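Grab a coffee and work through these three exercises with the model open beside you. Try each task before reading its solution.

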Amino acid sequence: MVGPLYHKGWYHLFYQYNPDSAIWGNITWGHAVSRDLIHWLYLPLAMVPDQWYDIKGVWTGSATLLSDGQIVILYTGKTNDSVQVQNLAYPADLSDPLLIDWLKYSGNPVIVPPNGIEEDEFRDPTTAWQGPDGTWRITIGSRFNTTIGISLVYQTTNFTDYELLDGVLHAVPGTGMWECVDFYPVAINGSTGLDTSALGPGIKHVLKASLDDTKVDHYALGTYDPVTDKWTPDNPEEDVGIGLKVDYGRYYASKTFFDQNKQRRILWGWINETDSETDDLEKGWASVQTIPRTVLYDNKTGTHLLQWPVEELESLRLNSTVFEEVLVEPGSVVPFDIGTATQLDILAEFKIESLASNTTDDVNDCGDGAVDRTTFGPFGVLVIADDSLSELTPVFFRPVNTSDGSLKTYFCADEKRSSKASDVMKQVYGGKVPVLDDENYNMRVLVDHSIVESFAQGGRTVITSRIYPTEAIYGAARLFLFNNATGVNVKATLTIWDMNSAFIRPFSFEDTL
């Protein structure tokens with residue numbers, strides 16, 4: 001997912017796309033537009049690999065909106081000699097709301113790998129931000145000595161000429177190549193997003209990197225010094241690549257943009273497949289995008305971001321069913337009579353009542369999934385399950401005792417029994433989630449046939465699952481509550497919406513804009 005932006009009433013999504021096959025190669029920029037971030041219309045390809053500086057691929061890039069209304073895109077091209085360079089492109093006609101035609105700058109490439117940087121490890125320029133001196137800056141991911149992930153900073157006044165600044169924005173040993181770097185401000189106290197150039201008191205900066213070695217997106221909160229162009233993490237023990245993940249599931253190469261239409265920052269991520277390339281070729285496509293999410297600073301913890309599905313998703317809600325204070329005893333499963341459960345938006349809140357006075361837990365994380373029983377968990381929902389529970393995907397909380405007697409909570413998704421198919425990857429995903437003293441356990445789960453996006457505690461921890469059920473499909477899919485803890489009763493209150501389908505189709509140029 002590359003270069004998202006909002007222009008003249010349309011949200012624009014560009015994405016890496018192989019028009020010839022369902023597997024990697026011949027990377028071009030696909031292009032789709034939407035009025036509401038939910039229903040999408042395909043447009044002609046935006047950019048194709050047709051110049052020496054991008055003939056082996058039009059790779060990831062970012063869009064920057066200038067104060068005079070201009071739009072510039074910087075993107076990585078792979079040259080005829082397999083060198084990664086940065087190139088400039090811009091709309092042929094800014095008055096076109098659809099931005100169908102794009103021009104590549106005649107002086108490309110505008111940035112080549114500097115001395116000491118590997119020619120094939122230098123990619124993915126960010127959206128530019130403007131410093132207090134009026135110059136623009138971008139950061140580009142790379143690595144040093146093969147193991148140190150770094151983010152280089154360039155400055156420019158015109159987007160055609162660039163100067164590499166001394167040092168790096170940030171570096172973390174042991175994290176390897178950083179790609180798809182994202183860098184943006186968040187308000188410490190606020191309910192709206194910030195323009196990428198926002199600076200001043202009351203602001204933290206998020207630095208995110210996609211780790212090429214592990215294919216995981218990590219982020220950290222910190223402080224940016226616009227004079228030295230250095231970023232410092234709030235907590236060095238949870239620095240980029242060694243601490244928090246953007247999403248703890250099947251998720252990579254995420255990108256945010258500032259939506260000036262609704263004053264919010266929106267995050268997209270790529271859900272890649274977990275089946276085989278043979279399967280992808282047979283079905284003729286591969287990979288999807290997550291539901292767009294808003295991003296805010298979590299001022300209750302001061303340590304996390306909050307990700308939440310954009311409000312427009314609620315336009316797909318149909319009839320709802322409410323279940324209040326449903327008792328789920330240890331070791332039990334409770335079915336919900338809601339009919340087909342393949343497209344759902346679930347809000348669930350859980351309260352626990354301890355039944356055991358002394359507790360000893362051998363599992364202190366997501367463990368081997370929902371089958372691992374501990375005193376206080378797991379408990380949650382079983383989605384995309386069939387009646388006999390031969391296929392199911394548990395999404396659950398696992399509170400565990402700590403040495404000081406407090407509870408530490410993990411939020412998890414267990415794909416191990418999600419499919420009877422033998423040729424797909426099935427893992428247990430998850431991570432810690434802060435649950436404050438005045439909070440119950442709460443989750444929101446979006447179910448869409450083979451995609452499950454799960455949000456804990458307002459979006460502090462998020463997990464995306466890509467599953468391939470063979471039995472729990474269409475009318476056979478069901479929803480259950482479960483409690484596999486040994487020492488607590490669970491009371492659950494849920495609101496469950498059936499969800500309509502979004503339309504995704506080619507744009508009809510016969511329609512009026």
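**Exercise 1.** Work out how strands S19 and S20 pair, and what sits between them.

*Solution.* Start with the pairing: in this predicted model, six bridges join S19 to S20 (residues 264-271), and the two run antiparallel. Next, pick out one pair: Tyr 252 has Trp 270 of S20 as its bridge partner. Now look at the link: S19 and S20 make a hairpin with four residues between them, and Gln 263 in that turn has a positive phi of about 50°. Last, check the surroundings: S19 (residues 252-259) is largely enclosed by the rest of the structure, because eight of its eight residues are buried.

**Exercise 2.** Decide whether Asn 18 is buried or exposed, and find what its side chain reaches.

*Solution.* First, locate Asn 18: it's in the loop between strand S2 (10-17) and strand S3 (28-34). Its relative accessibility is 10%; buried means under 20%, so Asn 18 counts as buried. Then follow the side chain: it reaches the backbone nitrogen of Asp 20 at 2.9 Å, and one of its polar atoms lies 3.5 Å from the backbone nitrogen of Ser 21. Beyond its neighbours within four places in sequence, Asn 18 is in contact with Ile 23, Trp 24, Gly 25 and Asn 26.

**Exercise 3.** Find which residues touch the most other members of the largest nonpolar core.

*Solution.* This core has 52 residues, and the ones to pick are Ile 346, Phe 350, Val 381, Val 383, Leu 479 and Leu 481. Strand S35 (residues 488-499) gives the most to this core, with five residues. Apart from it lies another core of 20 residues, including Trp 268 and Phe 455.

How values were computed: Residues are numbered from 1 along each chain as its sequence is written. This is a predicted model: local features need pLDDT of at least 70, side-chain atom pairs count only at pLDDT 80 or more; totals for chains, interfaces and linings use all residues. Side-chain values use heavy atoms; hydrogens and water are left out. Buried means under 20% relative accessible area, exposed over 50%, partly exposed in between (1.4 Å probe, protein chains only). A polar contact is a pair of N or O atoms within 3.5 Å; within protein, one must be able to donate a hydrogen and the other to accept it, and residues adjacent in sequence count only if both atoms are side-chain atoms. Contact means heavy atoms within 4.5 Å. Two strands pair if DSSP finds at least two bridges between them. A nonpolar core is a set of buried Ala, Val, Leu, Ile, Met, Phe, Trp, Tyr and Cys residues joined through side-chain atoms within 4.5 Å.
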